[in-house]
Structure formats: structure tokens, C-alpha cells
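Visitor: I would like a close look at the salt bridges of this model. Please take me through selected pairs and their surroundings.

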Amino acid sequence: MPRVLVTDKLSPAGLKILEDAEGIELDVRSGLSPEEVREALREADGIIIRSGTKLTAELLEGQTRLKAIVRAGVGVDNIDRDAATREGIVVMNTPAGNTISTAEHAVTLMLSLSRNIGPAHSSMQQGKWERGKFTGSQVAGKTLGIIGLGRIGQSVAQRALGFEMQVVGYDPFMSPERAADLGIKLVDTVDEVTTVCDYLTVHTPLTDETRNLINAERMKNMKPGVRLINCARGGIINEEDLVEAVNAGHVAGAALDVYVNEPLDPESPLLKTPNILCTPHLGASTDEAQELVAEEAADIMIGYLINKEVRHAVNMVPVSGAEMEDLKLYLDLGYRLGLLLAQQGHKGGLKSAQLHYRGEVATKKTGLITSSFAAGLLTAAMDDNVNIVNAEMMARERGIEITESKSAEHGAFSTMISATLVTGDRELTASGTMFGHDFLRLVRLENFPMEAYLDGMLLIYRHRDVPGLIGFIGTVLGKYSVNIANMALGRCSDQPGGDSVAVLNIDSEPSAEALQEIADHAEVTGVELVRLPPAGAPLPWMASDA
Ligand code: NAD
Ligand code: MLT
């Protein structure tokens, strides 16, 4: 039974869903050391975490049982995504559950900063009544700059407009029309925001591009008296530069919920600088948000482990349970074409592969089929656990470029997937289709049209199409007790005597001697044995015990 490990505090609502789920075993452990997490993962099919557990490359390496990581929350920066992908582990998050709470927290910080709520409260606790000292600043009529107009950035903008602020924003992925609809003045550069705003709030992920995005240079060019808010990820605003700019008085204040190192060192200058207001990563810490993300995380994990549904994945194409059901046969066709081409004799290594999707298949999520093809292509050559999550990355890391093209127009078949593999010494093409909703067929190998079964043991021989050869092959295989289940012949021209190929489905593996006897025939130009899964076998990563 699939086991789900939970290593961070998850709302009881989420735990209950997991406890009640049929076919899932729940293992809740908190306060584990990294070494203990590594050991616990060996016995887990899935893990749900928040930000407390760091899933590093060292912890994920060699975790052959683990298939899914679900982050209850948005940021996946505590997960080594490349390492997870390499191990074939899908990483999913719950992007929307804490949007409103986090936006409310950002707005709370902005208002608290403006009205000196933190210091005023501390002063009163010390028995003082310092009304003059804590005169604040009104936000109405001021300009709020927002960097990152995703879910939280937009939600902050909506709220700021309610406070009668002007909102100017920068996000390279936001359309001007959508920004206009939201009442945001969208600009083309970060500086066009940072130089005009009275308040600046950042809502991007932490990436190489956004790390230190707000640094000394940018702060210097901001309006004097600007106030900064970071409720996204520590490091987007450079912490040292911020302390300096606040101490210098150019930046009037800052409010932070997130830090480069969490928990924040109690000796951090951020805590010693007046006018810097800090909260301990509380953006999503409301009952409502925690319940929502925990429930969603539990549903996502169950959906993946039980129905192979991929929701909110950050390292593969998302696909619903129904879509996965619909795609199953296409994925299988892609996988089998990959397996078939990889087993055709070649020298000089694999260089690239091109997939062409024609007809009905072109309207599907072909990226997944390409990944499935890549998994088939690499499976034979790799010891590692290759699957739909990691195959394309593995191919890329080995210098094999896989590309796809598509056309929705029907050809001779309502659906056809053609794969061309370029190796050091040859170019091989195989095309497949499905008959009805069950039967996969090879309909072209190189230039030879045919109709062969794409399952089990295949004996493929290239030959000149002369009388008596089929009888000869049958006799040799009979002599070695190999039964022929099906046979397909393909030749390019209508004329006998030309180059042809034959694909035989056989019931057992012929000995090397039998293959040699076939290869030695004067009219045979090549013999290959290809092993494919039996008809109807589930894809390896979709098997119920996978
Ligand atoms: P989102 O993916 O919806 O939005 C992020 C936006 O940032 C996207 O629109 C993207 O286009 C934009 N972006 C990316 N790089 C950019 C760049 N270089 N310049 C400008 N814009 C850029 O994510 P979200 O749900 O809005 O979350 C935003 C951030 O808030 C994330 O870092 C997330 O981890 C963090 N977060 C923090 C808390 C908390 O507790 N403090 C809670 C939830 C989310
Ligand atoms: C998130 O990325 O969702 C937030 O930082 C909240 C959390 O860490 O739980």
C-alpha cells in the first residue's frame, strides 16, 4: 500500500483526509534530522512538507521508492527540484490556498509600518505614552510599487486600490490588458517602479534573477522616505543593504516576513534596526490558509498515488486523472516506439530524436507523450529508474536533443506518432497508431509500410523480397522451437526482389545460433531482436505497485 510521510506540521483537516483515504498508509513524524528524513523516505511513496523540511539533493539521491513530493504552500525553494526530477519524483505544490492570507499579511505590514504599530505597542508596554513620536503616514494617495503580479501581487493590488493608493507594477509575464483591468499601471522595467513609488512590495519567487533585486544601487535611486515590504522570499531585498539604507534614513522603514536564513538569527541587525518590522514567516499562517493548503496537499497526493493525476506540478506537465486515463494508450505508444528504436542496432551513440504527432493525437498533451517516448528510449540503456518525469532531463544531460512537431490534420490514420532517431551511424524512423482504443500497431518502419503488433518479443529482419525466404525463416525458428504468433511484411515497391523488412511477433527468445542462421542467409541484410512489454501491460511508472 502506498505510504505517505508527513514531516512538517500539517493542519488536522489535511491529515484526516489522508487517514480516511482508502489504499493510503499515513506516517506522520516531525522534528526529524536530515538523516532521519533520508531514512524515512526509503519507506515512503510520497512526502508532504511545508517549509520546515529541506529536501536536498543528498536526501533525494537514490530514493527509488519515492514518487511524489507535495509542498503544502507555494514556494518550492526548500526542494532541490533538479535532484527530484533526476530521480523521477514529481514535485507538486498548492499554489492558491494561501494567496489571500499572504496578501492580507503584506497589506498588514504596509499599514503597520506606516502607523508605527510595532514600536508604539512596545513603547506602551514600557509604560510610555508617546503620541508625538509615532506620528505616521497615510497610505491613501500614495503610490504602491509591486514587483511580481502573480496571485499574491494581484491580490495586494486589489486591496491597495481599496485604500485609494495608486498601483504601479512590473511583471514580465503580465499582459497590459489584464493589468489595466485590475487598475494597475504596468511598466516595462523594475526601475520604473522602484524610482516612483512610496511603498514597494515584492511578490516574485526567489530566482537567480530576483535574488538581490532590491539592492543598494536601487535603494539609492528610490524616493527618500520609501518603505519596503517583503512577504515573498528572503534575499529578494538585500538584507545588509536594507539595514544600511534604513540607518541612513533614505529608506524610512521596512517590513519583512521572510529572511535569507530562517529562523532569523536573534542577533541579526534586522532586529536591531529601528523602523524595520519583522514577523516570523507568518504570511500563510492563518487557520483558513493552513486548512486550505493541507486539504489540497492531501488531495493532490492521493490523486497522484491512486489515480496518477498530476496537479500543480512544477517539474512536469500537469494532467488530471481523466486526462491521464485518456492519454494512457498514447503514452504507451510513445513509450513502445522509444523502446523499439533504442533496440535497433546502431553505432556512435544516440544524437537526437524528433517526434511528429499527426491527427487526433496532435490535440493532446504531446509533451507528456514525448517524455514517455524518451523514457522508452533510455530505459534499456540506464540502470536508473527512468520515467515520464525524469526522462527528458536525462536525455538532455546526455546530449540527446528531443524535439516535437505536430499537425492536427489526419493522414492515412486518424492518429499517428512518428519518431525519428538520429544515431552516430544511421537515422531510424518508426510510426505507430492505435486501432480502436486498445490496439497499438507499428505502421511504418523506415520507409516500409506495414501493420505489426507492438508488443512482446519482435524479430525484425531486413531482406530482399525473394520467394522461399519466409519458408526458410519459419523452418529455422521451428527447428529451434520458437513459435511465430504474428507476421508483418513491409516493402517499398510493388515489385518483388526489392528491399523489405519483416516484423515477427514470436512467443520465445530465439538462441544466438538461430539468429545467426537467419543472418547468414544470402538474402537477409540484418536481424534484430526487440523486447517490448506484453500487450496491455501498464507503463512501468503507472503500475499499481509502482
Ligand atoms: P505566483 O507564481 O502566482 O506569482 C509570482 C509572479 O512573479 C509571477 O507572475 C511571475 O511572472 C513574477 N515574476 C517572476 N520573476 C519575476 C521577475 N524577475 N520580475 C518580476 N516579476 C517576476 O506566486 P504567488 O503565489 O503570488 O507567490 C509569490 C511569492 O510569495 C513566492 O515567492 C512565494 O513563495 C511567496 N509566498 C510567501 C508566503 C509567506 O508566508 N510569506 C506565502 C505564500 C507565498
Ligand atoms: C509558501 O511558500 O507557501 C509560504 O512561504 C508559506 C509556507 O511556507 O508555509
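Guide: The following account treats three salt bridges in turn. The model is a predicted one, and a search of the whole structure finds 29 salt bridges.

One of them joins the side chains of D45 and R65, with an N to O distance of 2.8 Å. D45 belongs to the loop between helix 2 (34-41) and strand 3 (46-49), while R65 sits in the loop between helix 3 (57-60) and strand 4 (68-71), so the contact ties together parts that are 20 residues apart in sequence. D45 is buried, at 7% relative accessible area, whereas R65 is partly exposed, at 29%.

A further salt bridge pairs D77 with R233, whose closest N and O atoms are 2.8 Å apart. Here D77 lies in the loop between strand 4 and helix 4 (81-86) and R233 in the loop between strand 10 (226-230) and helix 11 (239-248); the pair therefore ties together parts that are 156 residues apart in sequence. D77 is partly exposed, with a relative accessibility of 44%, but R233 is buried, with 14%.

The third pair is R426 and E446, with 3.5 Å between the closest N and O atoms. R426 is located in the loop between strand 15 (415-423) and strand 16 (427-435), and E446 in the loop between strand 17 (439-445) and strand 18 (448-453); these distant parts of the chain are 20 residues apart. Both partners are partly exposed, R426 at 24% and E446 at 21% relative accessibility. Through shared partners, salt bridges join R426 and E446 with R462 and E528 in one network.

Conventions. Residues are numbered from 1 along each chain as its sequence is written. Chains are lettered from A and ligands numbered from 1 in the order in which they are written. This is a predicted model: local features need pLDDT of at least 70, side-chain atom pairs count only at pLDDT 80 or more; totals for chains, interfaces and linings use all residues. Side-chain values use heavy atoms; hydrogens and water are left out. A salt bridge is a side-chain nitrogen of Lys or Arg within 4 Å of a carboxyl oxygen of Asp or Glu. Helices (H or I, at least four residues) and strands (E, at least two) are DSSP runs, numbered from the N terminus. Buried means under 20% relative accessible area, exposed over 50%, partly exposed in between (1.4 Å probe, protein chains only).
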